Amino acid sequence: MAEISSLGYLGFGVSDLARWETLLVDVLGLQAGERDGHRSLALRMDDRMQRVVLEHDGCDDLSYAGWMFDTEAELEDYVRALAAKGLAVNVVGREATQRRCVEKAYACMDPNGLRHEFAFGMKFAAERFASKVLNKGFVTGRLGMGHILVAGRNYPATLDFARQILGLRLSDYVRAPLETPHGVVQVDATFFHTVTGRHHSLAAAAVPFPKKLHHFMLEVEDFNDVGMAHDRCAKAGFPVATGLGHHPNDQMFSFYVVTPSGVQLEFGHGGLVIDDRDWEVKTYSQLSDWGHIS
């Protein structure tokens with residue numbers, strides 16, 4: 001079966017579009033793209049037309065995740081293989097593909113009710129990407145836009161979907177205690193990467209969380225941009241869920257901010273890229289080896 005190249009785009013339903021725009025554009029450095037009045041806003045991270053789409057919707061959660069293929073032939077091979085497994089895969093209509101800024105797309109639902117889209121042919125913008133606040137830019141390209149960590153309500157089914165349906169490659173595991181306002185809980189998380197090697201494009205965790213998405217991650221090229229964004233979050237009144245710290249499994253230096261919808265956003269630098277020729281799957285007993293203090 002053909003393999004997914006990268007996580008290409010994300011769509012969110014949000015109730016406070018203006019506050020999201022302040023966080024993503026003025027604080028974290030994305031660029032505002034096409035806007036449909038007060039109904040939707042596309043955001044850029046690189047030379048693509050859009051990477052994140054915000055739509056005015058009270059669900060305040062991730063609406064869909066878009067997975068990219070390098071060629072139309074790979075996309076079609078992949079979809080045929082999914083159909084052969086008995087999965088219901090639907091064609092995304094022309095109007096919706098135009099909104100996604102892709103040439104062709106298909107979609108299915110996962111065990112947690114999250115829509116996954118499979119696409120190729122992302123549109124490039126006519127103008128160069130320009131951030132108001134970043135020293136450099138975001139780490140995207142072949143690695144995609146970042147990663148998502150979903151809260152697997154049915155954890156075994158979620159893992160099976162990631163491996164057997166999405167066809168992602170296992171990176172590693174984290175099984176560690178986590179302090180929460182309700183006490184210490186044991187986190188069981190599994191991390192998956194695509195063929196292009198970002199340490200994880202998808203992770204799933206058996207954690208109590210009211211949203212489908214726990215967090216999504218955006219990575220910047222400059223270490224200093226992480227620290228300066230951390231300070232801007234505090235100045236702009238966005239709650240920092242966990243302060244600056246370092247993950248041992250993907251080597252990411254980052255912090256987590258709470259978005260206006262309640263899902264978190266990890267903003268980081270220095271993430272590991274996997275070479276499957278010598279990769280060893282490990283189990284880690286801590287989420288962070290330093291920092292990330294709540």
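Start by selecting strand E11, residues 183-193, together with strand E12: four bridges join the two, and they run antiparallel. Keep in mind as you go that this is a predicted model. Now pick out Phe-192 and look across to E12, where its bridge partner is Leu-202.

Next, add strand E9, residues 147-151. E9 is also joined to E12 by four bridges, but here the strands run parallel. To find one spot on this side, click on Val-150, which stands opposite Ala-204 in E12.

Stay with E12 and show the side chains of residues 202-205. Are its faces covered or open? Both faces of the strand are covered. Leu-202 and Ala-204 on one side are buried, and so are Ala-203 and Ala-205 on the other.

Now travel to helix H1, residues 17-27. Colour its buried residues: Leu-17, Trp-20, Leu-23, Leu-24, Val-25 and Val-27. Just after the helix, select Gly-29, which follows H1 and has a positive phi, near 95°.

Time to look at rings. A pair of aromatic rings is described by how far apart the centres are and by the angle of the planes. How many aromatic pairs does a search of the whole structure find? The search finds 11. One of them joins Phe-12 and Trp-20: this pair is tilted, with 5.3 Å centre to centre and 35° between the planes. Phe-12 counts as buried because its relative accessibility is 1%, below the cut-off of 20%. Trp-20 has a relative accessible area of 0%, so Trp-20 is buried too.

Keep Trp-20 selected and add Phe-216. These two rings are stacked, at 6.4 Å centre to centre and with 15° between the planes. Why is this pair worth a pause? Trp-20 lies in H1 while Phe-216 lies in strand E13, residues 213-219, so the pair ties together parts that are 196 residues apart in sequence. Phe-216, like Trp-20, is buried.

For a group of rings, select Phe-129, Phe-138, Phe-255 and Phe-267, which form one aromatic cluster.

Finish with two places where an arginine meets a tyrosine. Select Arg-100 and Tyr-64: the charged end of Arg-100 sits over the ring of Tyr-64, 3.7 Å from its centre. Then select Arg-175 and Tyr-173. Here Arg-175 lies over the face of Tyr-173, at 4.7 Å from the ring centre.

Note on methods:
Residues are numbered from 1 along each chain as its sequence is written. This is a predicted model: local features need pLDDT of at least 70, side-chain atom pairs count only at pLDDT 80 or more; totals for chains, interfaces and linings use all residues. Side-chain values use heavy atoms; hydrogens and water are left out. Rings of Phe, Tyr and Trp (its six-membered ring) pair if their centres lie within 6.5 Å; planes under 30 degrees apart count as stacked, over 60 as edge-to-face and the rest as tilted. Buried means under 20% relative accessible area, exposed over 50%, partly exposed in between (1.4 Å probe, protein chains only). A charge sits over a ring if NZ of Lys or CZ of Arg is within 6 Å of the ring centre and within 35 degrees of the ring normal. Two strands pair if DSSP finds at least two bridges between them.
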